[in-house]
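This report walks through selected parts of one protein chain, moving from a single loop residue to the sheets and helices around it. Please keep the sequence and the model in view while reading.

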Amino acid sequence: MTFVTLSIPTWPTDAARSTELARQALRIAPRIRLEPARGLLWADARGLDGTAIAAALLVVVESASGSPPRAGVAATPIAAVVAARHGPGPDDHPADSVPDRSPVTVVPPGTDRQFLARFDPEVLEPPAALYPLFAAVGIERLADLAALDQQSVEVRFGADGVRLWRLARADDPRPIFGPSRRELPNAELEWVDYELADQEQVVFIVNSLLATVTDQLATRREGAHAMVLEFALADRTVVEVPVRCAHPTADRKTWLRVIRAALEPVTFAAAVMRIGLRVGQAAPLADRQGDLFDAGFATARVTEAALAHLLDKQPDALVTARRSAHPLPEARITWVAEPSGQLPDLPAPGQGAVALEPRLSMQLFPSAQPIDVRTVARRGETIPERYFDGTRSYALSASLGPDRVAGGFGGQRFERDYFQCVRHDGVMVLLYRDRAADAWFLAGWWD
């Protein structure tokens, strides 16, 4: 790696000018790092012309700071910093020659240690306590410090001495920029000879792009959790359609089904001229347990493929619950087919999820079961005391109610009295009396 370091004597104090400096520097180098406290600007010149990048950055920094900076180009961070702050070194020129005034000092590859050897240890900014120790053993140049062995340095100068000893030997593994972020898989297709107005043609092209993206994901052993479809229209507008899967996957059939469902309600104001598909979020593919009855085998992918095949043959096989505030418990939830095959993600803890405490939940029968009830009169109301479900007879130790519910119209009108009861065995049940038919039913229980 090649580092370009600029030493800036007067750092811009205006936040706007500092931001503009960073923006201009990013136009020259792919990655930069600012250290205003130390008056340094780092640029990543790996695989590029470091001298040209340094010269271009000098122009930008001088116009932003108002003072002439200096630049150093080297293979290690410490050599680049010393070159930027102190130039070519004290022994490069004879006494009768003109010193080099170039603002850019380039350290040839493989000579970082020889370059540092000429300098005083002060260029490494050692702690003040080390100065007399260095003088006591005759260390005047970094070459003297680098010539020692690590054990001697550790005994005489401690941990700070070992750190400086490594820097004197051009051993500086500091991650100035960190690892480069890999580009996520993407594909696009653009045309100029014709315009797409038919959605089936759009899906056909998306399927082709999807094959390219999923092949890239499979090569990287990753699965996509989210993708983004981008449509460039003839009127120069861009429409983005985000698509998500419940679990990271690289299966093309699964993504095609999800994308088809996402494009179903989408309409375009103009003809489509370009289609792009890019992965928004990706994660490594891991073998997961997919079958609760499988004795330890990772069958999630097989299960996913089987479900995808089922949904291709029977799109309404997967349903989701739609909840409402209907007065009748059995009518509060309706099941609607989900053609995308994806269920909405639940919020993670700490991201809006509510911690659920243990509690009883109502379990309803698919259809209320008719029962025989023995009642007693209490405060002018008919209260259930025991019921028979056709198999067993249950005594009720407590009955709360009635909760009268009435509504509807025409042939769908209802009028019921609901009772929340506790049987003698401790099970809570929900009974109701249909007043129009004068019949009793067991709606469900709490578990």
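Arg-236 is placed in the loop between β7 and β8. The model is a predicted one, and in it Arg-236 has a positive phi of about 70 degrees although it is not a glycine. With a relative accessibility of 81%, Arg-236 counts as exposed, because the cut-off for that class is over 50%.

**The open sheet**

The two strands on either side of that loop belong to an open sheet of 4 strands, ordered β6-β9-β7-β8, in which the pairing is antiparallel. At the edges stand β6 (186-190) and β8 (238-249), each of which has a single partner strand, so one side of each is left without a neighbour in the sheet. From one strand to the next the twist averages 10 degrees. Within this sheet, strand β7 (residues 222-233) and strand β9 (residues 272-284) run antiparallel and are joined by 11 bridges, and Phe-231 has Ile-275 in β9 as its bridge partner.

Which strands does helix α8 touch as it packs on the sheet? Helix α8 (residues 199-219) touches β6, β7, β8 and β9, and its direction makes about 30 degrees with that of β9. A further helix, α9 (residues 252-263), lies across β7 and β8 and runs at about 140 degrees to β8.

**Helix α8 in detail**

Helix α8 has 21 residues, and the distance from its first C-alpha to its last is 30 Å, close to the 30 Å expected at 1.5 Å a residue. Its buried residues are Val-202, Val-203, Ile-205, Val-206, Leu-209, Leu-210, Val-213, Thr-214 and Leu-217. The buried residues of α8 pack against β6, β7, β8, β9 and also α9.

Ala-211, also found in helix α8, is partly exposed, with a relative accessible area of 25%. That value puts Ala-211 outside the buried class, because buried means under 20% relative accessible area. The C-alpha atoms of Ala-211 and Asp-251 are separated by 9.3 Å, although the two residues are 40 residues apart along the chain. Just after α8, Arg-221 takes a positive phi of about 55 degrees.

**Strand β4 and its partners**

Elsewhere in the chain, strand β4 (residues 70-74) is mostly covered, with 4 of its 5 residues buried. Strand β1 (residues 3-7) runs antiparallel to β4 and is joined to it by 5 bridges, and the bridge partner of Phe-3 in β4 is Ala-74. By contrast, β4 and strand β5 (residues 104-106) run parallel, with 3 bridges between them, and here Gly-72 stands opposite Thr-105 in β5. Both arrangements fit the general rule that strands of a sheet pair through backbone hydrogen bonds, either parallel or antiparallel.

The strand pairs described in this report for which bridges are counted are set out below.

| Strand pair | Bridges | Direction |
|---|---|---|
| β7 and β9 | 11 bridges | antiparallel |
| β1 and β4 | 5 bridges | antiparallel |
| β4 and β5 | 3 bridges | parallel |
| β12 and β13 | 7 bridges | antiparallel |

**The barrel**

How many strands close into a barrel? There are 6 strands in it, in the order β12-β13-β14-β15-β16-β17, and their pairing is antiparallel. Neighbouring strands of this sheet are turned by 40 degrees against each other on average, direction ignored. Strand β12 (residues 362-378) is joined to strand β13 (residues 381-388) by 7 bridges, and Arg-378 has Glu-381 in β13 as its bridge partner.

In strand β14 (residues 393-407) lies Pro-402, and the peptide bond from Gly-401 to Pro-402 is cis, with omega near 5 degrees.

Strand β16 (residues 428-434) contains Asp-434, a residue that is buried yet has no salt bridge. The nearest side chain of opposite charge, Arg-416, is 5.1 Å away from Asp-434, and a salt bridge would require a side-chain nitrogen of Arg or Lys within 4 Å of a carboxyl oxygen. Leaving aside residues up to four places away in sequence, Asp-434 touches Glu-415, Ala-439 and Phe-441.

**A further loop residue**

Glu-125 lies in the loop between α4 (112-117) and α5 (130-136). Its phi is near 55 degrees, a positive value in a residue other than glycine.

Terms used:
Residues numbered from 1 in each chain as written. Predicted model: local features only at pLDDT ≥ 70, side-chain atom pairs only at ≥ 80, totals over all residues. Heavy atoms only, no water. Pairing = 2+ DSSP bridges. Axes fitted to C-alpha atoms, helices over the stretch in contact; angles between N-to-C directions. Contact = heavy atoms within 4.5 Å. Expected span 1.5 Å × (residues − 1). Buried < 20%, exposed > 50% of the residue type's maximum accessible area, 1.4 Å probe, protein only. Lys, Arg positive; Asp, Glu negative; His and termini not counted.
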